[in-house]
Amino acid sequence: MTVVLKIKNTAIEQEKIAQAAAVIKRGGLVAFPTETVYGLGADAFNPAAVKRIYSVKGRPGDNPLIVHIADFATLDSLARLVPPEARILCKRFWPGPLTLVLQRMRQLPPEVSAGLPTVAIRMPANPIALGLIRAAGTPLVAPSANLSSRPSPTRASHVLEDLRGLIDLIIDGGKTTIGMESTVVDFTAGSPRILRPGAVTPADIEAAIGLLASGGKLKGEERPKSPGMKYRHYAPRTRLILTEGENFQENVRQLIAQAGKEKKVAVIAFHKDSRYDDCLLIHAGSSSRTVARRLFDIFRDLDKRGVDLIIAEPYPATDGLDLMIWDRLKKAAGSGN
């Protein structure tokens with residue numbers, strides 16, 4: 001049985017935070033909101049609890065987890081070496097949607113990092129997340145609280161869809177504010193480089209520490225240092241096709257025609273003037289922030305509607321967040337790194 005606790009105000013609902021923290025302390029799994037998506041939390045120093053996260057999610061064993069902390073002092077207890085540039089980013093963007101990949105301390109269980117000598121760390125901005133970490137008295141590993149490869153949960157109801165009966169407790173703190181996972185920056189391979197785009201953009205980072213190294217994609221049999229690098233992620237159960245190019249609207253119409261009248265087709269539009277016949281048309285939003293908050297909700301809603309095919313328009317480059325959105329669309333369609 002999965003318990004659901006609704007929290008609106010952490011300042012006056014500390015007993016609920018304490019109840020969730022008690023679950024963590026005894027080795028249980030608690031889903032909780034962050035500013036990005038809902039995370040599935042376990043004590044980072046409890047190997048059995050960490051292994052249970054992999055099992056419950058159906059997560060590949062070589063896909064490392066992110067450790068969530070609530071204060072800067074904890075960083076130095078988890079990371080063996082924190083370069084000056086990394087500390088600058090911490091000061092500028094924590095708490096917030098930024099994850100740093102650093103060399104890990106040996107006392108951290110290897111399951112956290114999928115056996116790698118590195119560790120991914122971030123400090124979330126959501127007050128419920130911070131309160132839970134502090135009350136538990138330990139850093140929390142917290143991948144997205146969904147079944148592996150499914151769209152990340154931005155509401156407690158999404159967590160229930162995937163993990164009802166599989167985890168101990170869900171904290172319902174309402175809809176997340178960003179709607180997509182954190183930016184991940186690697187500091188373990190020479191110059192810093194982005195492994196996963198997020199709400200902290202390349203321009204934000206370069207304004208703080210200078211130019212980033214290129215790359216970030218896996219080569220050959222290289223193992224991922226961060227979630228979101230190797231496997232199909234964020235995907236609806238329904239087949240998703242991405243369209244590209246200047247004539248994308250005509251391409252969309254051709255795909256609708258090819259599907260035929262017997263199939264129910266949905267089109268996710270990112271251009272306000274887009275119009276298509278013989279389909280369910282979903283306008284995703286007029287700004288990057290709106291699209292980011294809504295995209296995973298749209299994927300889950302279309303699965304519920306029982307459509308046979310989802311077609312997505314190419315995402316227009318409007319600001320630094322477009323990298324994050326296009327990355328999630330490509331991963332959801334199974335388009336590789």
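This report describes the overall fold, the aromatic pairs, helix α10 and residue H283 of a predicted model.

**Overall dimensions**

The protein chain contains 10 helices and 15 strands. For its 337 residues, a compact globule would have a radius of gyration near 20 Å, and the chain agrees with this because its own value is 20 Å. The C-alpha trace spans about 60 × 45 × 35 Å along its principal axes. Of the 337 residues in the protein chain, 58% are buried. The accessible surface of the chain amounts to about 14,100 Å², and carbon and sulfur atoms account for 50% of that area.

Contacts that span long stretches of sequence are also recorded for the chain: among those between residues at least 6 apart in sequence, 69% join residues at least 24 apart. As to charge, the chain carries 46 positive and 34 negative charges, and the mean positions of these two sets are 4 Å apart.

**Aromatic pairs**

Four aromatic pairs are present in the structure. Two of them are set out below.

| Pair | Centre to centre | Angle between planes | Geometry |
|---|---|---|---|
| F72 and W94 | 6.1 Å | 35° | tilted |
| F270 and Y315 | 5.1 Å | 80° | edge-to-face |

The angle decides the class of each pair: planes over 60 degrees apart count as edge-to-face, so the 80° between F270 and Y315 places that pair in this class.

F72 belongs to helix α3 (residues 72–78), while W94 sits in the loop between α4 (84–93) and β6 (98–104); the pair therefore ties together parts that are 22 residues apart in sequence. The two partners differ in their exposure: F72 is partly exposed, with a relative accessible area of 41%, whereas W94 is buried, at 5%.

The pair of F270 and Y315 links distant parts of the chain, 45 residues apart. F270 is in the loop between β13 (265–269) and β14 (280–283), and Y315 is in the loop between β15 (309–312) and α10 (322–332). Both F270 and Y315 are buried.

Elsewhere, Y234, F296 and F299 make up one aromatic cluster.

**Helix α10**

How far is α10 enclosed by the rest of the structure? Nine of its 11 residues are buried, so the helix is largely enclosed. The buried residues of α10 include the aromatic W326, the charged residues D322, D327, R328 and K331, and also M324, I325, L329 and A332. Their cover includes the strands β11 (193–196), β12 (240–242) and β15, together with helix α9 (288–305). After α10 comes G334, which has a positive phi near 75°.

**Residue H283**

H283 lies in strand β14. Its relative accessibility is 32%, so H283 counts as partly exposed. Which residues does H283 contact, leaving aside its neighbours within four places in sequence? They are A269, H271, K272, S274, R275 and R294. By contrast, A48 is 44 Å from H283 in space, C-alpha to C-alpha, and the two residues are 235 residues apart in sequence.

Methods:
Residues numbered from 1 in each chain as written. Predicted model: local features only at pLDDT ≥ 70, side-chain atom pairs only at ≥ 80, totals over all residues. Heavy atoms only, no water. Phe/Tyr/Trp six-rings, centres within 6.5 Å; stacked < 30°, edge-to-face > 60°. Helix = DSSP H or I, 4+ residues; strand = E, 2+ residues; numbered from the N terminus. Buried < 20%, exposed > 50% of the residue type's maximum accessible area, 1.4 Å probe, protein only. Contact = heavy atoms within 4.5 Å. Rg over C-alpha atoms; globule rule 2.2 N^0.38 Å. Areas by Shrake-Rupley, 256 points an atom, 1.4 Å probe, with all protein chains shown as cover. Lys, Arg positive; Asp, Glu negative; His and termini not counted. Charge placed at Lys NZ, Arg CZ, Asp CG, Glu CD.
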